[in-house]
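Please look over the sequence and the three-dimensional structure shown here before reading on. The report is written for someone who is meeting this structure for the first time.

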Amino acid sequence: MKARFPALDGLRALGALAVLTTHVGFHTGASLNGPLAGLLARLDVGVAIFFAISGFLLYRAHVVAWFDGTEPPRTLPYLRNRALRILPALWIAVLCSALLVPPKAGVTWTTYLEHATLTQIYFGGAAADGLTQLWSLATEVTFYLLLPGLARLLTGSRRPNRRSVAGRIAVLAALTMLGPVWMAAVNATGHPQAGLWLPGYVGWFAVGMGFALWEVARTRGQLATPTLDALTKIPGTVWAAGAALLLIATSPIAGPYNLSTSTPGQAFAKSLLYTAVAACALFPALTPTPRSARVLGGRIGHIAGDISYGVFAYHLIVLNLVERVSGYTLFSGRFVLMFAPTLAVSAIVAAASYYGLERPIMRRGRRDRSYDVSPTRVDNKASAQPNTTDAWTTAEVTPASPPGHG
């Protein structure tokens, strides 16, 4: 049975909540003006947190196999499981958008086909309303496809030792700089479409991958990190540091709150700050204190983690319907009045989708009647097979500056 990281359940839920909140903030104008504008605008940092969680959970299986001298996860079953996880809710969301959300100019049936196949980030056409957050899912799928090959490059055939582990952690640390450099170049050259592609976000995945390597090496006695070991005992301090970095990101250093183009320097700073925030958010959840585990990994966190992907997939469609039913005019304020029904309805729809459709499909496809994205069983001995704990890890936001606004 695979090792379980219960605090990641609640962290996924908080990421989904952040994404929903930043989108409501944008639609109501609260993230553009007002005392909380900066914070609401920068809650698109949830994408960085989701990508880091995904990098940790999916790469960790390969690291465990490397340390144990066993076969790594097989590629075809791995890709099948990824498809079983993301495609049902994705296709329902695309269908609901096509049927329930009036299309804007330039949206055709090919637009919905591109979203259903997660290829929309490679075309320059209009995004369908209710689906603009799916750019990050398309980016995530690119990471899924590349991970088996990347993992082989970062493990190797020889058994690990301290030197090889330290070298690979250094490589992953270096990768965290690729995203800021890429985003700066995108803004400097005026190619916004390239700002949706994996190179701009590979550093966020690398954060999780680096922590996966650190966590396994640490538990196997192959890596001594006294400073990080000390930080595991004070999670509140690490999370506070992440909050402080997020506040810095609300300043002009990280660019405008609206969809205006950032300068290359602002794009670089924002990407780098989000990388650091993701690291601070994820690290304490990997070795949580009993209190952190209870809060983030308890029953409420478990259920919220289960439905977090559905909240991500459906919330912009729900927001659009709430606006139409209430006769709401875009950017006319009343954040709380729009936030409450959007969150409540999105959670209900996501729960119905997960328990009524997504989980049954996954159980049937995996031939595992007990499978759950966030299992309650706990085992201290890890397995290299990625079939017990799973990150839905798509995050959530649209890519323009700032990338959380749909």
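The text below goes from the chain as a whole to one helix and its surroundings, and then to some single residues.

## The chain as a whole

The structure is a predicted model, and the secondary structure of its protein chain comes to 15 helices and zero strands. For 406 residues a compact globule would be expected to have a radius of gyration near 22 Å, and the 20 Å of the protein chain agrees with this. Along the principal axes, the C-alpha atoms fill a box of roughly 60 × 50 × 40 Å. Of the 406 residues, 55% count as buried, while the accessible surface of the chain comes to about 16,700 Å², with 67% of it belonging to carbon and sulfur atoms. Among the contacts with a separation of 6 or more, 80% are accounted for by residues that stand 24 or more positions apart.

## Helix 8 and what surrounds it

Helix 8 runs over residues 178–189, and its twelve residues reach 16 Å from the first C-alpha to the last, close to the 16 Å expected at 1.5 Å a residue. Its buried residues are Gly179, Pro180, Met183, Ala184, Val186 and Asn187. Because these buried residues cover an arc of only 160° around the axis, they lie on the same side of helix 8. The face turned away from that buried side carries the exposed residues Ala188 and Thr189.

What covers the buried residues of helix 8? The cover includes helix 7 (162–175) and helix 12 (264–286). Helix 12 has 23 residues and reaches 33 Å from its first C-alpha to its last, close to the 33 Å expected at 1.5 Å a residue. Since 18 of the 23 residues of helix 12 are buried, this helix is largely enclosed by the rest of the structure.

After helix 8 comes Gly190, whose phi is positive, near 70°. Pro199 has its place in the loop between helix 8 and helix 9 (202–219). Leaving aside residues up to four places away in sequence, Pro199 touches Leu178, Gly179 and Trp182. The C-alpha atoms of Pro199 and Pro180, which are 19 residues apart along the chain, are separated by 9.3 Å.

## Two arginines with positive phi

Arg334 has a phi near 60°, a positive value in a residue other than glycine, and it lies in the loop between helix 14 (299–326) and helix 15 (335–366). Arg367 likewise is not a glycine and has a positive phi of about 55°; this residue lies in the segment after helix 15.

## Accessibility of single residues

The table collects the relative accessibility of these arginines, of Pro199 and of two cysteines.

| Residue | Relative accessibility | Class |
|---|---|---|
| Arg334 | 49% | partly exposed |
| Arg367 | 77% | exposed |
| Pro199 | 26% | partly exposed |
| Cys96 | 25% | partly exposed |
| Cys280 | 15% | buried |

The class depends on the cut-offs, as a residue is buried under 20% relative accessible area, exposed over 50%, and partly exposed in between. Arg334 therefore counts as partly exposed at 49%, and Arg367 counts as exposed at 77%.

How many disulfides does a search of the whole structure find? A disulfide is a covalent bond between the sulfur atoms of two cysteines, and the search of the whole structure finds zero disulfides.

Methods:
Residues are numbered from 1 along each chain as its sequence is written. This is a predicted model: local features need pLDDT of at least 70, side-chain atom pairs count only at pLDDT 80 or more; totals for chains, interfaces and linings use all residues. Side-chain values use heavy atoms; hydrogens and water are left out. Helices (H or I, at least four residues) and strands (E, at least two) are DSSP runs, numbered from the N terminus. The expected span of a helix is 1.5 Å times one less than its number of residues. Buried means under 20% relative accessible area, exposed over 50%, partly exposed in between (1.4 Å probe, protein chains only). The arc is that of the directions from the helix axis to the C-beta atoms. Contact means heavy atoms within 4.5 Å. The radius of gyration is taken over C-alpha atoms; the globule rule is 2.2 Å times the number of residues to the power 0.38. Accessible areas come from the Shrake-Rupley method with a 1.4 Å probe; for residues, only the protein chains shown count as cover. A disulfide is a pair of cysteine sulfur atoms within 2.5 Å.
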